[in-house]
Amino acid sequence: MSQHQALPSAVYNLITMPSNRAQRRFAYIIGALVTLISLFSVPFVRVQLGEMPAFQPAIFSTVVCFELITAYVIYSQFKISRQPAVLALFAGYLYSAGMSLVYILAFPRVFADNGLFNSGPQTSVWLYALWHIGFPLAVLIYLRLDAKHQNVRYSARKAKIAGWCTFVGTIVAMTVCTLFTTHYVEQLPTVLSQGQLSPSFVKFVGIPIVILTFITLLIFYIRTKASTVTSTWLCVAILAMMLDVIIVLCGGGRFSLGWYVAKLNSFVCSNVVLAGMIYEFTKMYLNMADLYRKVKESEFSYKVLLGESQQAERTISEQNTIIEQMLESSHEAIIMCDTVGRVIFANRRVELFFENPIRKGDCLSTYCEGMRTSDTTFKSLVEAYFNQSIPPFLKRISRVSLSGEMKHYECYVNPIVNEGADTLRGHLFGFRDRTEEERIDEMKNEFVSIISHEIRTPLSSIMGFSEILATRNVTEDKRVKYVETIHKESMRLSNLINDFLDLQRLDSGRQVFHFQTLNAAHLVGEIVEQWQGRDNHEIELHVLHDFPFIHGDEERLKQVFHNLISNSIKYSPDRSKIDVYVERENGRVLIKIQDYGLGIPADALDKLFARFYRVDNSDRRKIGGTGLGLSIVKEIVEAHHGRVLVESELSRGSIFTVQFDEHIDR
Ligand code: ADP
């Protein structure tokens, strides 16, 4: 498994943060100041100044602290970037902090007369040398790692291990240096005699350190161009370290000007990077605080917007629900099609209308088979509309339903245009069921033809005979005959009007029924009595069972049996026998009226109870009638939750059976 991962494009930290021109300019000014102070002090390095015994430990305490803090800050940046090169810088500062601590502890007459482990002044010189070799070396390692592993980013676990290894390795290096310079100082060449550095130390150690530091500074600057905040200040730190060594090599004893300047350079070297990083860190924090405030503001605006959009969404969805409910509760079948005729919405009535479920996305025309307008098929009309051959239309269409009934509709279509934008959204089709209207129209037509025949015929007789009676002298016989005719025709007219009004009342629901318990045998018997002997017909009543009780309105039921018995008499002109049966069967009371007259053709049976329907054949043309009697019978019987059935054979007679639930009085 790979030990590291590719570096994400932007890991934002103090090591990688780019420096700007102002920052670089400021760093160069500091660098130039340090250089000037150091160079100007060179001729006077040996000039003795006032003794400040606390100066050295005070400066080094700060140096140690600053370098430790710098090491810690650099390590924290490593934890963010996890780039191995950063660990070299961390090691450099940790090493520098440790070596400066050991150096000050080993320095004679600071904490102990002969320094750490009583090892004498040689040790502190060697420690100083190793310290100033270690730091530039760490920077060179940093540059090498940065060049080689720039795009490497350790995993969190590997970063932790690498961090610990670097820490332990640096401590070990420092310990080795310390042990070496304290325990084996006798084996090392003498580098200090009478407070002065030996020429061989200057030549073989001091100058190579200056060269090493200078080369480090040069390479570092060329490679980094001081382009990041850390690299800018690190340039100044390396420069200060180099100047520190140069001043020391120039000689000058303790408390000389050179000594003070060297300590100042050490101080600059130790804190300049930290100062730069803290400054940038503060700026970064301020930016972050500003960013956080902006994020919070955006979050607040987002919440406000979200609330508004949720409210708008709720309003839209409520409006959609209302529109959908309106469309669903409409008595019309409504279909919305897209611009090319595919269904995008259809309310529930559409399914009833087409007797077929409509699928969204299907072409409307595929559902229009079998529908016709007065002059063409509805399918071709719809196709012509979507081909833009015809404008929006309003047409009457008809089709035969699955149950075989003829259905009539009015269909309109309107294009739906986007408000303001003038672009077409689709087309709205509406289908209004006008089967009932069509039936009423038909009834009206029939009514008019009935009026013209059934009313005009008796009226003209009445007018004609009454005129004769009024204007001429007629014999007594003729007068009686004319008056009888006038009476008969008036009765016909009156019956027609009564039938018509009865039906209207039943239809409109204004008919009030007064239900009571009735003995069907008595009720029918009364009617039979009234019609007995009329037109030479003999009516025989057969009550087959006792107590045939029913629950009904006496007057309306009498009307039913009047109609049926009068029809039996009327339509059996050549026969004189009518049988009426009253019987009970399976909880029902049956009243059958049987005649032996003209009978009814089989194809007329299913239309018999329709309004104004009359069987039209020659032998009954002269028999008067309105075609309303049986529809009144049916309406009344059904209002009693009963049924009327008819069995008939042409020229042999008919049986009309009325069924009611038997009424048992508890
Ligand atoms: P109307 O008798 O006034 O014409 P109805 O509604 O009572 O109207 O009857 C409808 C039709 O049914 C009649 O025209 C007649 O042809 C037929 N009809 C009714 N009763 C009988 C019957 N008992 N025998 C033969 N035909 C009948």
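Biologist: Which classes of residue make up the lining of the largest cavity?

Modeller: In this predicted model, that lining has five nonpolar, one polar and two charged residues.

Biologist: And how do you know which ones are charged?

Modeller: Look at who is there: Met443, Phe500, Leu503, Gln504, Asp507, Arg611, Phe612 and Leu628. Asp and Arg count as charged, so Asp507 and Arg611 fill those two places. Gln504 is the polar one, because Gln is not on the nonpolar or charged lists.

Biologist: Which helix gives the largest share of that lining?

Modeller: Helix α12 (residues 476-508) does, with four residues.

Biologist: Why is this space called a cavity?

Modeller: A 1.4 Å probe fits inside but cannot get out, so the space counts as a cavity. Its volume is about 40 Å³, and the structure holds one cavity of 30 Å³ or more.

Biologist: OK, on to helices. Why are α13 and α14 called oblique to each other?

Modeller: Helix α13 (residues 520-531) and helix α14 (residues 554-570) pack at about 45°, with axes 10 Å apart. Roughly parallel needs an angle under 35 degrees, and roughly perpendicular starts at 65. An angle of about 45° fits neither, so the pair is oblique. The crossing of α13 and α14 is right-handed, by the way.

Biologist: What makes the contact of α13 with α14, by class?

Modeller: Nine nonpolar, three polar and three charged residues. Leu523 and Trp531 of α13 are among the residues in contact, as are Phe561 and Ile565 of α14. Glu and Lys count as charged, so Glu526 of α13 and Glu554 and Lys558 of α14 belong to that class.

Biologist: How do α14 and α15 cross, left-handed or right-handed?

Modeller: Left-handed. Helix α15 (residues 629-639) and α14 have axes that come within 9 Å and cross at roughly 145°.

Biologist: What makes Gly629 of α15 polar in that contact?

Modeller: Gly is counted among the polar residues, so Gly629 goes there. The contact of α14 with α15 divides into eight nonpolar, four polar and one charged. Arg556 of α14 is the charged one, because Arg is on the charged list.

Biologist: Last one: how much space lies in the second largest pocket?

Modeller: About 660 Å³. Of the 33 residues lining that pocket, the closest to its centre are Phe107, Val125, Leu192, Gly195 and Gly252. By class, the lining has 20 nonpolar, nine polar and four charged residues. Elements giving two or more residues to it include α4 (121-148) and α8 (257-329).

Conventions: Residues are numbered from 1 along each chain as its sequence is written. This is a predicted model: local features need pLDDT of at least 70, side-chain atom pairs count only at pLDDT 80 or more; totals for chains, interfaces and linings use all residues. Side-chain values use heavy atoms; hydrogens and water are left out. Axes are lines fitted to C-alpha atoms, for helices over the stretch in contact, and angles run from 0 to 180 degrees between N-to-C directions. A crossing is left-handed if the near helix is turned anticlockwise from the far one by less than a right angle, and right-handed if clockwise. Contact means heavy atoms within 4.5 Å. On a 1 Å grid over the protein atoms alone, a cavity is a set of points where a 1.4 Å probe fits but cannot get out, and a pocket is an open set with protein on both sides within 12 Å along at least five of seven lines; lining residues have an atom within 4 Å of a point. Grid points are joined across faces, edges and corners, and a volume is the space filled by probe spheres set on the points.
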